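Biologist: Please take a close look at a single part of this model for me. I would like to know what packs around it, and what opens beside it.

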Amino acid sequence: MDVKEREKKTPEAAAEKENAKKGGNSQLWIGVLLMVVCAACLCAGQLIWNLYDGLLPMTLGFLVYVGGAGAMLYAYHFGSVSLLQPLNSISYIFSTILGAVVLKESVTPLKVVAVVVILVGVYILAAGGKKEE
């Protein structure tokens, strides 16, 4: 068996073939969107835990958090883990925004630069992954 035949029989090759059948790169954006939902849910769940005490808020925060984890797991059906998992870093952006708006935390110029760097990185990952898939 030569190299090309072996590549066709690997799980990665099967996943790529399946992805192509599902619509290829257009499906990747669904995965990216689901990772954004994941990051937002993770931050919202943690914010609920931070703001409120008691069993009901703890349960609500947990359910929101689990919803985010579910979105992340489902996202992996639309793209590779190596592409989608780093996109979860946008949770830092959501945390910065929620901290400023809800918790009245200060946003320094350095935090703004960090948010811009994260946004650029997310865009590069998403655009680069679209070409690779």
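**A close look at helix H3**

Modeller: Start with the whole chain. Of its contacts with a separation of 6 or more, 72% join residues 24 or more positions apart. This is a predicted model. The chain has 7 helices and 0 strands. From the N terminus on, the order is α-α-α-α-α-α-α. The chain holds 133 residues, and 28% of them are buried. The accessible surface is about 8800 Å². Carbon and sulfur atoms account for 69% of that surface.

Now the part I have picked: helix H3, residues 25-51. Take the nonpolar packing before the pocket. In soluble globular proteins, nonpolar side chains tend to be buried together. The largest nonpolar core here has 18 residues. H3 gives the largest share of this core, 7 residues. H3, H4 (55-75), H5 and H7 each give two or more residues to the core. Met35, Leu84 and Leu87 have the most contacts inside the core.

Follow Leu84 from there. Setting aside neighbours within four places in sequence, Leu84 is in contact with Leu28, Gly31, Val32 and Met35. Those four fall within the 25-51 span of H3. Leu84 also contacts Ala75, Tyr76 and Gly79.

Ala75 sits in helix H4. Its relative accessibility is 0%. The cut-off for buried is under 20%, so Ala75 counts as buried. Beyond its neighbours within four places, Ala75 is in contact with Gly31, Leu34, Met35 and Leu84. Met35 therefore turns up in the contact lists of both Leu84 and Ala75. Ala75 and Leu28 are 47 residues apart along the chain. Their C-alpha atoms are separated by 8.6 Å.

Move along H3 to Val37, which is also in this helix. Val37 has 36% relative accessibility. That value lies between the cut-offs of 20% and 50%, so Val37 counts as partly exposed. Val37 and Met72 are 35 residues apart in sequence. C-alpha to C-alpha, Val37 and Met72 are 8.1 Å apart.

Met72 appears again beside Asn88. What does Asn88 touch, leaving aside its neighbours within four places in sequence? The contacts of Asn88 are Met35, Cys38, Ala39, Leu42 and Met72. Asn88 itself lies in the loop between helix H5 (81-84) and H6. Is Asn88 buried or exposed? Asn88 has 14% relative accessibility, which means it counts as buried.

Next along H3 comes Cys43, also part of this helix. At 5% relative accessibility, Cys43 counts as buried. Outside the four places on either side, Cys43 is in contact with Ser91, Phe94, Ser95 and Leu98. Those residues fall within helix H6 (91-101). Cys43 and Leu98 are 55 residues apart in sequence, yet their C-alpha atoms are 8.1 Å apart.

Ser95 and Leu98 lead to the open space beside H3. Rolling a probe the size of a water molecule over the atoms shows where empty space is left. The second largest pocket holds about 200 Å³ of space. H3 and H6 each supply at least two residues of its lining. H6 gives the most to this lining, with 5 residues. The lining has 14 residues in total. Nearest the pocket's centre are Ser95, Leu98, Gly99, Leu103 and Glu105. By class, the lining has 6 nonpolar, 6 polar and 2 charged residues. Two of the central lining residues, Ser95 and Leu98, are also contacts of Cys43.

Past H6 comes the loop to helix H7 (109-132), and Lys104 is in that loop. Lys104 is exposed, with a relative accessible area of 67%. Its phi is near 60°, a positive value in a residue other than glycine.

One last stop is H7, another contributor to the largest nonpolar core. Ile118 lies in this helix. Not counting residues up to four places away, Ile118 touches Ser89, Ile90, Tyr92 and Ile93. Ile118 and Ser89 are 29 residues apart in sequence and 7.2 Å apart in space, C-alpha to C-alpha.

To put H3 back together: it gives 7 residues to the core. Cys43 of H3 contacts Ser95 and Leu98. H3 also helps line the second largest pocket.

Technical notes:
Residues numbered from 1 in each chain as written. Predicted model: local features only at pLDDT ≥ 70, side-chain atom pairs only at ≥ 80, totals over all residues. Heavy atoms only, no water. Buried < 20%, exposed > 50% of the residue type's maximum accessible area, 1.4 Å probe, protein only. Contact = heavy atoms within 4.5 Å. 1 Å grid on protein atoms, 1.4 Å probe; cavity = no way out; pocket = protein on both sides within 12 Å on 5 of 7 lines; lining within 4 Å. Points joined across faces, edges and corners; volume = space filled by probe spheres on them. Nonpolar A, V, L, I, M, F, W, Y, C, P; charged D, E, K, R; others polar. Areas by Shrake-Rupley, 256 points an atom, 1.4 Å probe, with all protein chains shown as cover. Core = buried A, V, L, I, M, F, W, Y, C linked by side-chain atoms within 4.5 Å.
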